[in-house]
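Hi,

Here is the structure I promised to pass on. Have a look, and my notes are underneath.

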Amino acid sequence: MINSKENRKSPAVVLVPMLLLSLFIQLVRLPAVVSENRPDLLILVILFFSMNSKFTYKLEVSWLVGIILDLASGAPLGINAFVICSQIYIISTQFKNFAKYAIYQQSIIIGLVNLIVTVLGYWIEHIIGQSYYEINFVIPSIVTALFWPIIFLTCTLLCATFSVSSDKENENKIN
Amino acid sequence: MKNSDQSHSYVHFRFGIVIILSLAVMALDVRSKLLNDIRFYLESALYPVLVFADSPHAVGRVVSSQLKTHSELIKENEQLSTENFMQRADSLKLKDLEAENKALRQLLNSPIRTKNKRLFAEVIDVDPDPYLHRVTVNRGASDGVHEGMPVITDKGLVGQVINVNYAFSRVLLLTDPNCSIPVVDERSNVRAISSGSGSHDDIIINNVPRSADIKKGDLLLTSGIGGVYPRGYPVAIVSKVGFSDSQPFAEVKAKPLVDTDKMRFVLMYWTSLENSEDIKSLAKEQTDSKVILHQRKIKDLIKTLSVKDRVVDNSEGQQ
């Protein structure tokens, strides 16, 4: 049993493929109605790993992923990096017991933080000259919140399948 | 406890750095365009990602085309043959009109547009940001595409190229609020500027006087003013003309002719003037002669003023 715990793999085994898949879903061409209300899967995936494992460089990885999304989508460089980083930072520092909350509570927090940071992002985009003209912020945030249980379960399942180490196990090891 | 506090302050510090970096990169990218070259290479490297992201759509297209029945294909073929025949007949007339237009322009000593190059391109991606109306097409700097090129379809104007990479480029659609197009009413020749409204269904015609002769159903064409869009391409049909006592201008909306949501192929279009050097020199000459005329007028004015002053001085001296 001890050996199996020691043989646990790095979170990157699941994180990297999940990030690539999320990036693909963020970029894939969808009908206009679906595209407007697309969930922020990249944030959800990074958030899962930042809460559930020793993911030290979560802010740096968020920033890098955001930059890649900016480049691939043609958005002003840095805007998605800012939005993703801010959400990860707010949730990880302001909700210290986030991992212990019930899934529905986590969804509500994610939805609210996503809404606030998205509005902030559009505000910055407006300042730098990229005008916006619709107030369709609420529905994408609700969709993102609703997708959290799916991402949570998927990532938990994948981590269990690929024997990825988690926080609790690491704490037990130290103790 | 100390360790946790330290790690938290360390997170704040890292977040601060990351945010400053994001804002700096944003400012450099949007305002100073210093990162244009880096962006060009990085985006070109990411082209396979875009192609891969478009693959479900492409597969869907291939499958739907493969699943067409034989009778459907025969029907489509007949329809296309008929259209082709009609268009060939129209092109015969067009050649005659082109020759006539060229002759008339020569008589008027106007620049002759003859070399219109068109480049066929396919839409490979739509901007995932719902607030930006842009599409990505599979032609880039390697095909001679440049920023500002107008993009059209068989139905009308689509927009213009705003960003060029090695293998692909991004097109700003006419429905985007950042896109303004000089238009002219085909019926009344009233000039105006159209701007995107953010909706795919209509564009706004700005600052039209209440007395302007624009009616519902009028066809709006590109006016050619500004030199970006060639003259005479259909843009939209006026769908609403409203007046309000509180507003100094009429509220005019138009429906774009191109369905930007559904378009698959586009033509990237650029014009080059024949004997451009001659035209440049002619334009310069005209400008120079205007300047000379203006200078002569000023000299005459100074002369007349100085003569008047002398007369006044003389009369004062006599008194």
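Below is what I found on salt bridges.

First, the ground rules: this is a predicted model, so local features need pLDDT of at least 70 and side-chain atom pairs count only at pLDDT 80 or more, while totals for chains, interfaces and linings use all residues. Residues are numbered from 1 along each chain as its sequence is written, chains are lettered from A and ligands numbered from 1 in the order in which they are written, and side-chain values use heavy atoms, with hydrogens and water left out.

Counting a salt bridge as a side-chain nitrogen of Lys or Arg within 4 Å of a carboxyl oxygen of Asp or Glu, there are nine over all chains.

One of them joins B:Arg39 to B:Asp29, at 2.6 Å from N to O. B:Arg39 sits in helix H2 (residues 36-45) and B:Asp29 in helix H1 (residues 2-32) of chain B, so the pair ties together parts ten residues apart in sequence. (Helices, H or I, have at least four residues and strands, E, at least two; both are DSSP runs numbered from the N terminus.) Both residues are buried, meaning under 20% relative accessible area, with exposed being over 50% and partly exposed in between (1.4 Å probe, protein chains only). B:Asp29 and B:Arg39 also belong to a salt-bridge network with B:Glu43 and B:Arg170.

Another pairs B:Asp218 with B:Arg187 at 2.9 Å, N to O. Here B:Asp218 is buried at 6% relative accessible area, whereas B:Arg187 is partly exposed at 41%.

Cheers
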